[in-house]
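Biologist: I would like to learn how to read a model of this kind, one feature at a time. Where should we begin?

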Amino acid sequence: MPKIGFFHQGALGDFILFMPILDGLAKAQRSVSFEIWTRPSYAGLFYGKPYGVLVHPCDAPFWTALYRDDAWTDIQIPGHLSSCDAFFWIGQKGGRDVVEGLRLRLSIPVHWIQSFPGSEGEKTVTRFLAEQFVSLGWAVEEIRPS
């Protein structure tokens with residue numbers, strides 16, 4: 001069963017608009033599980049979902065080291081992250097440098113996904129996210145936030 005990792009440290013509203021992407025990926029991929037580094041308080045949002053999800057804190061030492069010069073080059077990669085088949089960093093443009101560093105450390109595809117469109121965008125956040133996944137070759141069934 002493929003395992004997809006995500007980092008999403010956004011606010012609750014942003015995370016709720018991201019959840020249909022997970023639902024859509026799970027429907028399109030059939031057999032998939034997710035490892036998500038986010039705020040631990042969001043774990044309850046996955047209650048009753050028809051796919052496997054492990055939620056990890058996004059403020060663990062590995063993640064905070066990514067923001068400190070070259071400290072991230074030596075810190076041990078979390079075991080759950082090492083076992084993922086692909087990884088997505090969901091955030092704004094400031095995370096792009098972190099993603100480049102992760103690409104050097106991980107032997108899996110690592111992608112940056114912009115978490116929401118700029119003010120010029122007329123798409124919903126969920127559709128904006130889905131289009132980015134599709135552009136990277138990932139099938140995502142469209143599901144509305146609820």
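Biologist: Which residues in H1 are buried?

Modeller: Keep in mind that this is a predicted model. A residue counts as buried when its relative accessible area is under 20%. In H1, that applies to Phe-15, Phe-18, Met-19, Pro-20, Ile-21, Leu-22, Asp-23, Gly-24, Leu-25 and Ala-26.

Biologist: What do the buried residues of H1 pack against?

Modeller: Packing is read from contacts, meaning heavy atoms within 4.5 Å. The buried residues of H1 pack against three strands, S1 (3-8), S2 (33-38) and S4 (86-91), and against helix H5 (125-135).

Biologist: How many residues does helix H1 have, and what span should they give?

Modeller: The idea is to set an expected rise per residue against the distance between the helix ends. Helix H1 covers residues 12-29, which is 18 residues, and at 1.5 Å a residue they should span 26 Å. The end C-alpha atoms are 26 Å apart, so the two values agree. After H1 comes Arg-30, with a positive phi near 65°.

Biologist: Which residues of H5 are buried, then?

Modeller: They are Thr-126, Phe-128, Leu-129, Ala-130, Gln-132 and Phe-133. Their cover includes S1, H1, S4 and strand S5 (110-114). H5 is followed by Gly-137, whose phi is also positive, near 95°.

Biologist: In what pattern do the helices and strands follow along the sequence?

Modeller: The chain has five helices and five strands, and their pattern reads β-α-β-β-α-α-β-α-β-α. For 146 residues the globule rule gives 15 Å, and the radius of gyration is 15 Å, so the chain is as compact as a globular protein of that length. The C-alpha trace spans about 40 × 35 × 30 Å along its principal axes.

Biologist: What share of the contacts joins residues 24 or more positions apart?

Modeller: Take the contacts with a separation of 6 or more; residues 24 or more positions apart account for 56% of them. Of the 146 residues, 45% are buried.

Biologist: How much area does the chain expose, and what share of it comes from carbon and sulfur atoms?

Modeller: The exposed area is about 7900 Å², with carbon and sulfur atoms supplying 52%. For charge, one compares the mean positions of the two signs. The chain has 13 positive and 15 negative charges, and their mean positions are 5 Å apart.

Biologist: Let us turn to single residues. Where is Gly-52 placed, and which residues does Gly-52 touch?

Modeller: Gly-52 lies in strand S3 (residues 52-57). Beyond residues up to four places away in sequence, Gly-52 touches Val-32, Ser-33 and Phe-34. Val-32 is 20 residues from Gly-52 in sequence, and their C-alpha atoms are 7.3 Å apart. The relative accessibility of Gly-52 is 36%, so Gly-52 counts as partly exposed.

Biologist: Which residues is Pro-2 in contact with?

Modeller: Pro-2 sits in the segment before S1. Leaving aside neighbours within four places in sequence, Pro-2 is in contact with Ser-31, Val-32, Ser-33 and Asp-85. The C-alpha atoms of Pro-2 and Arg-30 are separated by 9.8 Å, with their positions 28 residues apart along the chain.

Biologist: Where is Gln-92 found?

Modeller: Gln-92 is in the loop between S4 and helix H4 (96-105). Its relative accessibility is 30%, so Gln-92 counts as partly exposed. Gln-92 touches Trp-112, Gln-114, Ser-115 and Phe-116, not counting residues up to four places away in sequence.

How values were computed. Residues are numbered from 1 along each chain as its sequence is written. This is a predicted model: local features need pLDDT of at least 70, side-chain atom pairs count only at pLDDT 80 or more; totals for chains, interfaces and linings use all residues. Side-chain values use heavy atoms; hydrogens and water are left out. Helices (H or I, at least four residues) and strands (E, at least two) are DSSP runs, numbered from the N terminus. The radius of gyration is taken over C-alpha atoms; the globule rule is 2.2 Å times the number of residues to the power 0.38. Buried means under 20% relative accessible area, exposed over 50%, partly exposed in between (1.4 Å probe, protein chains only). Accessible areas come from the Shrake-Rupley method with a 1.4 Å probe; for residues, only the protein chains shown count as cover. Lys and Arg count as positive and Asp and Glu as negative; His and the chain ends are not counted. The place of a charge is taken as NZ of Lys, CZ of Arg, CG of Asp or CD of Glu. The expected span of a helix is 1.5 Å times one less than its number of residues.
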